[in-house]
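Colleague: Could you take a close look at the strand pairing for me, and then add whatever you have on the cysteines and the surface? Here is the entry.

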Amino acid sequence: MFFCHKMHYSLVSSFILSFGILASLAHSKTNSQDVSALNVMFTSLNSPSQLSNWKSSGGDPCGDSWEGITCSGSSVTTIRLSGLGLSGSMGYQLSNLKSVTYFDMSKNNLKNDIPYQLPPNMAHLDLSNNDFSGSVPYSISQMNDLEYLNLGHNKLNGQASDMFQKLKKLKTLDLSYNSLSGNLPQSFASLSRLSTLHLQNNRFSGSINVLAGLPLDDLNVENNKFTGWVPEQLKGIRSLHTGGNSWSSGPAPPPPPGAKPIRAHHRENGGKDGLSGLSIALIVLASLVVVALLITLLSTRKSSPSSHFLDEERASHHKGFTPLASQELSNDSYPAMQNVYRETEPFDTTGSINIKTLQKSPSIGYKPPPSDFTQSLNDNEFASRLNSRRSTSIRAVPFSLADLQTATANFATGRLLGEGSLGRVYRAKYPDKKVLAVKKIDSSLFQGRHPEEFSEIVSSISKVHHPNIAELLGYCSEQGHNMLIYEYFRNGSLHDFLHLSDDYSKPLTWNTRIRIALGTARAVEYLHDVCSPSFIHKNIKSSNVLLDLELNPHLSDYGLANFHHRTSQNLGVGYNAPECIKPSAYTMKSDVYSFGVVMLELLTGRKPFDISKPKSEQCLVRWATPQLHDIDALEKMVDPALHGLYPPKALSRFADIIALCVQLEPEFRPPMTELVQALVRLIQHSSMSMKEDLAASRRTEDLDH
């Protein structure tokens, strides 16, 4: 009897214990990704005591009432941590907080850059009154539900990216009291619901005409560097503050003939009114007159190739990247472009070529345009295509097949420099020892294509001029052969430098690796953001980053993306972004991923895919990514050839940039412009001496080998 009673008591106890466990499990309900993101955030904020109940690992934010956290079901939806004196950073897993719609970290002591990764579905974001520096993160451009954005009273700098096209629901935007500069982004015009805009106390310049059509009732643009006139459409709004700018004192120019005020057009006419036929004709006529005047000015202007670079960079508001052979980067300036080509010699001391004198050189196989070019395509059409591009003193010139055959020893195996999916590259050597690189495109890629397609490729590529891009010097299209002629770089490719060591080479120093990364980033940025139409490279890899005598990078193989639709392979194994299962899936974000892999090569000295490694280490991205935010693991990943000679803080920053590039989701990868800015800041913070670096890293090769 006693035994039975005891057994009954035991069963009751077990039931109570089991019920308690079940209740506990039901209580621990927070989504695991949310928990992980908040754990990382807590650690990154230096584990502050004022965040009661928060943990650095595990825990239940929803069930245990973590400070400032509100949930709906198992998901965190609100984070309110304003005015708590928090320091440090917010971590790198915020993009996992997919249910967070309200995020307020204002009035704290947060420093450095705003994380690129933020909760993607926010309606309210307030990071004001901190010490954030850097730029507005590009991930904000993807927040389609964002209604309130306040980044005011920080130390943000640089030019605001043109990233506001998708923010159709944004009602309040505050960027005041920062150091943002440049013109207002044209995508501001897309903010069709914006009622409050505060831009005061920055360094914005240019006009504010882009704001004229917005439904604003509260606008503050005080204490900037704006010029021009305040649009009439804005003068009647409820709250307008425009002092402290350089507005024009004269009368505002009249609107174009027949044009209606933008605000009246939207609000009164419902967008139905258009321009009359006579008005359109007058506008077209005026435009033709302006174009004619511009053509006249351009044709009479004498400029060197380097001045073309400078003008192009100014027009696009991008800073130029100069070969850093004799300069150091300061903390508040970036070197201007130098004269990349020389006027007097076809080849300068760095191996660069001046097209102006190329045509005069008796040793180069330059062929004047023939009178009869019916073998492959119409020469007059080809010339008209080339001349239709913008004016420049550098242009691709035709080479004869006979001269190229002589210079390459009839495309001998001994002259082969490399082979890819599009064809082979040969070294063309002339009697006076001048050398060019000839890319002989596989003839099978032209099967079923019109001959004019090659002229279109040449015309397109010949518009590309940037000091970190391999210059197209000429072309040849004869007897079924289609070839592109480029500069020849004696130091070969970055792939060779990193992975094919020899007795003549020294390891790349840390400073040189960073400089190569920055130069390559600027090249891709130019293709993406400056060229019109934009280029998607689709083939960014270390073997396409060529190095000159001073180890400045020159990106090659651009402008040939259409051919990749015809080939069964594209990038080498390890460079492809995960979304690129077919050629048509490539985007600018795929290029960003591939660039990140190149940066990983620079960091680790490893190949993107290496079957000689253990299976878990064969894929570089898969092996390296989990370790990029672990400082101890990171130090073990660094290329042993560096012998520990690198700044630890710069190493960590470099790894952070890589992590952004190789994210699985393409929408979270930042644009190249932001990556360039991040690398520039890394260099400025490191106070690198490029003179010493080049002396340590230089490698020479014999042209006759």
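How many bridges join E5 to strand E7, and do they run parallel or antiparallel?

Modeller: E5 and strand E7 (residues 131-133) run parallel, and 3 bridges join them. Before going on, a word on the source: this is a predicted model, in which local features need pLDDT of at least 70 and side-chain atom pairs count only at pLDDT 80 or more, while totals for chains, interfaces and linings use all residues. Residues are numbered from 1 along each chain as its sequence is written, and side-chain values use heavy atoms, with hydrogens and water left out.

As for terms, strands (E, at least two residues) and helices (H or I, at least four) are DSSP runs numbered from the N terminus, and two strands pair if DSSP finds at least two bridges between them.

Back to E5: within its pairing with E7, Asp113 stands opposite Ser133. E5 (residues 109-113) also has strand E3 (residues 87-88) as a parallel partner, joined by 2 bridges. There, Ser87 stands opposite Asn109.

Further along you'll find an open sheet of 4 strands, in the order E9-E11-E13-E15, with parallel pairing. Strand E9 (157-159) and strand E15 (225-226) each have a single partner strand, so they stand at the edges and one side of each is left without a neighbour in the sheet. Strand E11 (residues 179-182) pairs with strand E13 (residues 203-206) over 2 bridges, again in the parallel sense, and Ser181 has Arg203 in E13 as its bridge partner.

Now the cysteines. Searching the whole structure gives 1 disulfide (a pair of cysteine sulfur atoms within 2.5 Å). Cys62 and Cys71 form it, with their sulfur atoms 2.0 Å apart. The torsion about their S-S bond is about -90 degrees, so this disulfide is left-handed. Cys62 counts as buried at 15% relative accessibility, whereas Cys71 counts as partly exposed at 25%. The cut-offs: buried is under 20% relative accessible area, exposed is over 50%, and partly exposed is in between (1.4 Å probe, protein chains only). Cys531 is buried at 6%, and Cys619 is buried too, at 18%.

On the surface, Val573, Phe609 and Ile611 form a nonpolar patch with about 330 Å² of accessible area together. For nonpolar patches, residues need over 30% relative accessible area and no salt bridge, with side chains joined within 5 Å; a salt bridge is a Lys or Arg side-chain nitrogen within 4 Å of a carboxyl oxygen of Asp or Glu. Ile611 is exposed, at 68%, and sits in the loop between helix H12 (588-604) and helix H13 (620-624).

Note on methods: Patches are made of residues with over 30% relative accessible area and no salt bridge: like charges are joined within 9 Å, nonpolar side chains (Val, Leu, Ile, Met, Phe, Trp, Tyr) within 5 Å. Accessible areas come from the Shrake-Rupley method with a 1.4 Å probe; for residues, only the protein chains shown count as cover.
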